[in-house]
Amino acid sequence: MRVLVSGGLGYLGAHVARRFEERGDAVRVFDRSAHEDQAGWVADHDVIFGDLTAPAWLAGICEGVDLVVHAAALNQQACAADPQLAVRVNALGTRNLIAKAAEAGVRRFVYLSTIHVYGRLAGATVDETYPPRPATDYGVTKLAGEGYCQVFAAASALQAVCLRPANGFGPPVFASADCWMLAVNDFCRTAYRTGEIVLNSPGNQRRDFLALADTVRAIETVADAPELGAVGVAAVFNAGAGLSLTIREVARMAAEVCGEVYGRPVRVVAPPGSENVPDDPAVDYRFDRLAALGYEPATDLRAGIRSVAEYVASLGG
Ligand SMILES: NC(=O)c1ccc[n+]([C@@H]2O[C@H](COP(=O)([O-])OP(=O)(O)OC[C@H]3O[C@@H](n4cnc5c(N)ncnc54)[C@H](O)[C@@H]3O)[C@@H](O)[C@H]2O)c1
């Protein structure tokens, strides 16, 4: 299969590109730019540089491609810093790419959406019918991208898939990856650098933590599924690990694991009075639709934290 990975030099995209290459698929990567530590990989691979926001850059990139995995986007922090650009990249950029994919006769378009399209979740059972109420520019613009997937699924032969992964963590392929705002990754790096994990809130919020390897597995599942549901409708899938842990529980686990890996104690520091703030009710992030296609998460949170802690140590922080 010929696969185009947009954002294939990013944190998740690089794992996706590597995985499809390992499977024996022909991989092309589209991204805005490369970091210094990616130069060797870029030289050996089919990498096209360009900007999603300008359709002219996308000319020809989908020709002969069977599958697009669309991972190029601005993350939560970048969207908050520049909401206008967030709309241009996450919403219109998705439109630009899926339009080219439909025109070129691409069979399937896997759009990496996010759990953040749902907004704040506490005490909810969240399957794909749960109403999206995004609470951030990131969530709004990622949901707009899903809207364009629906438009092109209805108007062309393209099979569009919107995948909504939960909160990711794990070591990156390239050290330059922008992945240190993710809670688990940040906890491990801060623990290495300071011997502390500092929470800026009581940490009572619940998250489903999904190892990057499982997100990649979810992507493979929707890429390989023979059928995806109704023709002319973009299929929507949650992807989670089935965990519902509070930030402070995960911080405590990270402190323990980092203490073992770094050979010195790590303490968790939370704002005064945090111990009196009750945990949010559990969130049940359901992924039955994806499980019906054979997806099974293998996330072992403790082992996953250890892999990040070891990676941080290997970088020297
Ligand atoms: N990382 C996670 O845990 C996670 C969880 C859920 C969903 N997602 C989704 O997966 C996707 C990838 O996330 P990530 O963590 O790899 O992000 P990332 O920021 O590491 O990678 C995004 C890539 O997109 C590229 N890009 C940005 N703007 C571009 C533009 N205008 N033109 C071309 N390329 C552009 C960047 O150069 C970068 O390489 C995103 O769509 C995100 O919403 C990620």
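## Two domains and where they meet

In this predicted model, the protein chain is split into two domains, each assembled from separate stretches of sequence. Domain 1 takes in 2-168 + 209-239, while domain 2 is built from 179-208 + 244-280 + 301-315. Measured out between their C-alpha centres, the two are 29 Å apart.

Which parts of domain 1 touch domain 2? Nine residues of domain 1 are in contact with 13 residues of domain 2. On the domain 1 side, strand S8 (167-169) and strand S11 (209-211) are the elements that contribute two or more residues, and S11 has the largest share with three residues. The make-up of this side is six nonpolar and three polar residues, with no charged residues.

## Strands S5, S7 and S12

Let's turn to a run of paired strands. Strand S7 (residues 159-165) pairs with S5 (residues 108-112) in the parallel sense, over five bridges. S7 also pairs with S12, again in the parallel sense and over five bridges. Some of the facing residues can be picked out by name: Leu-112 is opposite Leu-163 in S7, Cys-162 is opposite Val-236 in S12, and Pro-165 is opposite Ala-239 in S12.

How much of S7 is buried? Seven of the seven residues of S7 are buried, so the strand is largely enclosed by the rest of the structure. In a regular strand, side chains alternate between the two faces of the sheet, and here it helps to look at each face in turn. One side of S7 carries Gln-159, Val-161, Leu-163 and Pro-165, the other Ala-160, Cys-162 and Arg-164, and all of these are buried. Note that Arg-164 and Gln-159 are among the buried residues.

Strand S12 (residues 235-239) tells a similar story, being mostly covered, with five of its five residues buried. Ala-235, Phe-237 and Ala-239 lie on one side of S12, with Val-236 and Asn-238 on the other, and both faces are covered.

## The largest nonpolar core

The largest nonpolar core holds 99 residues. Which of them touch the most other members? They are Val-68, Phe-109, Val-110, Val-161, Leu-163 and Ala-254. Helix H8 (residues 247-262) gives the most to this core, with eight residues. The core draws at least three residues from each of domain 1 and domain 2.

Two of these well-connected members, Val-161 and Leu-163, are on one side of S7. For Ala-254, the contacts beyond its neighbours within four places in sequence are Val-184, Phe-187, Cys-188, Ala-191, Ile-197 and Ile-305.

## Around the ligand

The shell around the ligand consists of 25 residues, of which Gly-7, Gly-10, Leu-12, Ala-73 and Gly-168 come nearest. Helix H1 (11-23) and helix H4 (83-104) each supply at least two residues of this shell. H1 has the largest share, at three residues.

What classes of residue make up the shell? There are twelve nonpolar, eight polar and five charged residues around the ligand.

## Three partly exposed residues

Glu-249 belongs to helix H8. Why does Glu-249 count as partly exposed? Because 17 other C-beta atoms lie within 10 Å of it, where 20 or more would make a residue buried and 12 or fewer would make it exposed. Glu-249 and Thr-141 are 108 residues apart along the chain, and their C-alpha atoms are separated by 30 Å.

Arg-289 lies in helix H9 and is partly exposed, because it has 18 C-beta neighbours inside 10 Å. Leaving aside its neighbours within four places in sequence, Arg-289 is in contact with Glu-128 and Phe-237. Arg-289 and Glu-128 are 161 residues apart along the chain, yet their C-alpha atoms are separated by 8.5 Å. Phe-237 is one of the buried residues of S12.

Leu-293 sits in the loop between helix H9 (288-291) and helix H10 (301-315). With 16 C-beta neighbours inside 10 Å, Leu-293 is partly exposed too. Its contacts, apart from neighbours within four places in sequence, are Thr-221 and Ala-225. From Leu-293 to Trp-41 the C-alpha separation is 33 Å, with their positions 252 residues apart in sequence.

Terms used:
Residues are numbered from 1 along each chain as its sequence is written. This is a predicted model: local features need pLDDT of at least 70, side-chain atom pairs count only at pLDDT 80 or more; totals for chains, interfaces and linings use all residues. Helices (H or I, at least four residues) and strands (E, at least two) are DSSP runs, numbered from the N terminus. Two strands pair if DSSP finds at least two bridges between them. Domain bounds come from an automatic or database domain assignment. Two residues are in contact if their C-beta atoms, placed from the backbone, lie within 7 Å. Ala, Val, Leu, Ile, Met, Phe, Trp, Tyr, Cys and Pro count as nonpolar, Asp, Glu, Lys and Arg as charged, and the others, Gly among them, as polar. A residue is near a molecule or strand if its C-beta atom, placed from the backbone, lies within 6 Å of it. A nonpolar core is a set of buried Ala, Val, Leu, Ile, Met, Phe, Trp, Tyr and Cys residues joined through C-beta atoms within 7 Å.
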